[in-house]
Amino acid sequence: MIIDMKRGSPLFAAFSDNRMAFETAVKVAADISAKKMGAEAASLFSLRDGRLSQAKQKAA
Amino acid sequence: MIEEGASIGPLNGRLNVPIYYGVHDKGVLKALVQMVQSQRGRDIWIKMTDLYMCPEIELEVDTEASTADRLSVFTTALLGVFALTKQVDGADTIKVYGRTEALVTFLRGMHDALAVFSSLGNMPGINVSIEGRWLVFRTGK
């Protein structure tokens with residue numbers, strides 16, 4: 001069986017057709033959002049991101 | 001053994017099981033991305049359900065630099081998921097789950113910025129929305 005991998009999925013086609021602009025948009029959007037969050041952004045994806053406290057609440 | 005489980009390898013054809021990919025930088029593993037694929041009719045949704053940072057990054061003291069490191073890993077992971085959709089015929093949706101309240105706030109902020117970029121024509125063919133705790137990217141149909 002041969003699968004045509006040139007274009008991949010519809011999403012990949014849209015992504016790859018405009019890849020550089022899309023990658024820039026995602027990076028800039030992440031930067032803008034983090035700046036909007038201020039100090040709270042520092043806890044994103046760290047051990048202090050709320051997972052432990054949320055897990056404790058669920059366990060209680 | 002994880003090597004014999006259903007959680008590694010190509011995406012295509014594996015539905016409703018957690019699948020893990022590594023985020024590497026110069027050969028060093030920085031994080032593991034957890035994804036789940038599901039099917040809606042002929043369309044495949046790829047859900048980025050979690051991101052496990054390596055201990056060196058996760059345990060860093062929270063500073064501007066460590067925040068930038070973590071965000072860089074996150075955006076690399078997200079763009080990597082887009083690249084992986086090349087393997088999946090019919091993939092038309094990527095959803096990113098906000099596991100914590102801070103992450104939901106962050107994803108909503110990303111959505112607001114991406115919506116502006118989209119309105120300016122910088123993301124042709126990809127629509128972005130918020131659905132509950134999910135940041136959703138869909139092909140424009």
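## Helix α3 of chain B

Let's start with helix α3 of chain B, which runs over residues 101–119. This helix has 19 residues and, in this predicted model, reaches 27 Å from its first C-alpha to its last. That span is close to the 27 Å expected at 1.5 Å a residue. Just after α3(B) comes G121(B), which takes a positive phi of about 85°.

Which residues of α3(B) are buried? They are A102(B), L103(B), F106(B), L107(B), G109(B), M110(B), H111(B) and L114(B). A general point about helices helps when you look along this list: an α-helix has 3.6 residues a turn, so residues three or four places apart point the same way. The cover over the buried residues of α3(B) includes elements from both chains: α2 (19–37) of chain A, and β4 (91–97), β5 (126–131) and β6 (134–139) of chain B.

## Where the two chains meet

Next, have a look at the contact between the chains. Here 39 residues of chain B are in contact with 37 residues of chain A. On the chain B side, β3 (43–53), α2 (64–84), β4 and α3 each supply at least two residues. Which element of chain B gives the most to this side? It is α3(B), with 10 residues, the helix whose buried residues have α2 of chain A as part of their cover.

Sorted by class, the residues of chain B that touch chain A comprise 21 nonpolar, 11 polar and 7 charged.

## Two domains in chain B

The domain assignment splits chain B into domain 1 (1–94) and domain 2 (98–141). Taken over C-alpha atoms, the centres of these domains are separated by 18 Å. Their contact takes 4 residues from domain 1 and 5 residues from domain 2.

On the domain 1 side of chain B, β4(B) gives the most to this contact, with 3 residues. The classes on that side are 1 nonpolar, 1 polar and 2 charged residues.

## How confident is the model in chain A?

For chain A the mean pLDDT is 77, with 63% of its residues at 70 or more. Among the elements of chain A, α2(A) has the highest mean pLDDT, at 95, while helix α3 of chain A (residues 51–59) has the lowest, at 56.

Residues 1–5 of chain A have a pLDDT below 50. Beyond near neighbours in sequence, this stretch has 1 contact in the model. A word of caution when viewing such regions: where pLDDT is low, the predicted coordinates should not be read in detail.

Key
Residues numbered from 1 in each chain as written. Chains lettered and ligands numbered in written order. Predicted model: local features only at pLDDT ≥ 70, side-chain atom pairs only at ≥ 80, totals over all residues. Helix = DSSP H or I, 4+ residues; strand = E, 2+ residues; numbered from the N terminus. Expected span 1.5 Å × (residues − 1). Buried ≥ 20, exposed ≤ 12 C-beta atoms within 10 Å, placed from the backbone. Contact = placed C-beta atoms within 7 Å. Nonpolar A, V, L, I, M, F, W, Y, C, P; charged D, E, K, R; others polar. Domains from an automatic or database assignment. pLDDT = per-residue confidence, 0-100.
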